[in-house]
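Q: Can we go through the salt bridges in this one? I'd like to go pair by pair.

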Amino acid sequence: PSPGLPDDEDTFKILIATDIHLGYMEKDAVRGNDTFNTFQEIMKCAKEKEVDFVLLGGDLFHENKPTRKALHSCIEVIRQHCMGNKPVTFQILSDQAVNFSNSKFPWVNYQDENLNISIPIFSVHGNHDDPTGVDGLCALDVLSVAGLLNHFGRSQSVERVEISPLLLQKGNTRIALYGIGSIPDERLYRMFINNQVSMLRPLEHDSDWFNMFVIHQNRSKHGATNYIPEKFLSDFLDLVVWGHEHECRIVPERNEQQLFYITQPGSTVVTSLSPGEAIKKHIGLLRVKGRKMQLQKIPLQSVRPLYIEDICLSELSHLFTPDQPMVNQKIQAYCQEKVEEMLDEAQRQRLGSPQTPDKPLIRLRVDYSGGFEVFNSMRFSQRFVERVANPKDILHFLRHKETKDGVKGEADHMDFDALLSRPSSDVLTLRVEDLVKEYFQTAEKVLSLLTEQAMGKAVQEFVDKEEKDAIEELIKYQLEKTQRHLREKHTEPTEERIDEEVHTLIFTVDLVCCNCVHQAISRAQAHRIQGQSRSAREDELDLSDEPSDIAMESDDDYKAPATRGRGSRGRGQPSKARGKRGRGNFTYITNSHLSCSFN
């Protein structure tokens, strides 16, 4: 990074943020408006800093189907801060019909003569607000078609990913902005391994481009293939903006192997009471001039702070022991003292920051290993109801397992009762795929037709996106597929032969679990739509024995309106075709000028 880049006609100023999670806990009486207040602060900062554009790294919304309140608040903030007469001073040189191919308005919003955009927003989608359903739409597509945001980085193929960059130019500075929305980590990992991910590069002035890449995937390793190693990314990149990880590591870190820098802004709201979330939240102001960059971190004042402290009772033998009289009361008094200390620290930190919420998040983790017993956490928390934002889960009890040699087999089964007895906040932070994997590893001949990956994805769709038929349809889909396979193989109808053939189908034939889930869900949605359509027809017409086809509108039916000039707005000279607007006097770089570089 280069310190002290000037704000001139050759310098891009870009506000970077990720994982805003609009709508998180919006029904909570205390924390309901936290995400909206912070988004307001972010966009206000973008306007005050007079940035060229805002770059978001995914998970703008917390829910795949955001509520009307979340959508309304988001649109309100964007209209308030991103619309106006300030000219946009950079040009887009790439083919926008390729960059925004999934939109019926395939051009950047600030070049639309019907809109008055002063600060464009570019965003990829995350795993919380990813495209779903028959039409493959997400909340970002709603904002995009309304002209409020530019959604890029969409990949519809499950076999290959080809990333075509947005080519931006301001003065003598050129930025190639690559982006890829969230894809299941296992699938994208496999694509990288099989050289199925390619990035197009401009042939003209190839050494003059500052190459940025926005990605929304696991950065830390959660399993053998459930993350994306940094070494998978191309070494021609200059800066990687990494979303999805909530810990704020916004200061650029150099990857010595690939020789690029990585900035991880982290989330702008606390969604789990974990140490990574307790780090101060920031957004970044990135300046790029030529091939040099400078990233200024900007602390967010409206984020509700989180304070975490750990207590190990076995290490406090000078204060209490398990066999001591009234030991639980003494432990409660000690815990109360620790909470009071954290509240005092929160009060000191709030001095001079009126935007900071007055009720902090407090988490005291108590390790009661060594013969101690837990006490009533709800009764303990009642004394702090009016002073903390999370009175129901201040305390978190944990205990290290004491294992003995030769007793390992007794703990091989999964204890669902223990899982359900955990505090609600801990259950929310558990990863669904981990629970499913643990169950599949311990169960014998249970759901033998399903893979743990497919079942995990189906449960995730059911929980996160309210696809109520996901699990049922996946089972039906896999059962039909297995029956079809057995018929084609003319399998001998014995239990042993059937088990062998099913094992071959599941483990030697590469069943892309995401495809199975998506196809099953698509089939369920098609059945649902057909049923709704038939029900509507039955209400209006006589019941017919012949089902009618459902007509879908084609993208080819849309015709772009005639263009009009933008006056002296500084948007560049409009051209005749809508997909090629705003190129001015710059050389237009078509796909024939791009080379394909495989990782």
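**Salt bridges, pair by pair**

A: This is a predicted model. To start with one residue, Arg 387 counts as partly exposed, at 34% relative accessibility.

Q: Which residue does Arg 387 meet in a salt bridge?

A: Glu 340; the two side chains meet at 2.9 Å, N to O. Glu 340 lies in helix H6 and Arg 387 in the loop between helix H7 (377–381) and strand S18 (395–398), so the pair ties together parts that are 47 residues apart in sequence.

Q: And Glu 340, buried or exposed or in between?

A: Glu 340 counts as partly exposed, at 25% relative accessibility.

Q: What does Glu 341 pair with?

A: Glu 341 forms a salt bridge with Lys 338, with the closest N and O atoms 3.9 Å apart. Both are in helix H6 (residues 327–350), three residues apart, which means about one helical turn separates them.

Q: Is Lys 338 buried or exposed?

A: Lys 338 is buried, with a relative accessible area of 16%, while Glu 341 is partly exposed at 36%.

Q: Different spot: what about Asp 238 and Arg 291?

A: Their side chains meet in a salt bridge of 2.8 Å, N to O. Asp 238 is in the loop between strands S10 (209–216) and S11 (239–243), and Arg 291 in the loop between strands S14 (282–289) and S15 (292–299), so the pair ties together parts 53 residues apart in sequence. Asp 238 counts as buried at 15% relative accessibility; Arg 291 counts as partly exposed at 40%.

Q: Which residues are linked in a network?

A: Arg 219, Glu 230, Arg 249 and Glu 253 are linked by salt bridges in a network.

Q: How many salt bridges does the structure hold?

A: The structure holds 18.

Definitions and conventions: Residues numbered from 1 in each chain as written. Predicted model: local features only at pLDDT ≥ 70, side-chain atom pairs only at ≥ 80, totals over all residues. Heavy atoms only, no water. Salt bridge = Lys/Arg side-chain N within 4 Å of Asp/Glu carboxyl O. Helix = DSSP H or I, 4+ residues; strand = E, 2+ residues; numbered from the N terminus. Buried < 20%, exposed > 50% of the residue type's maximum accessible area, 1.4 Å probe, protein only.
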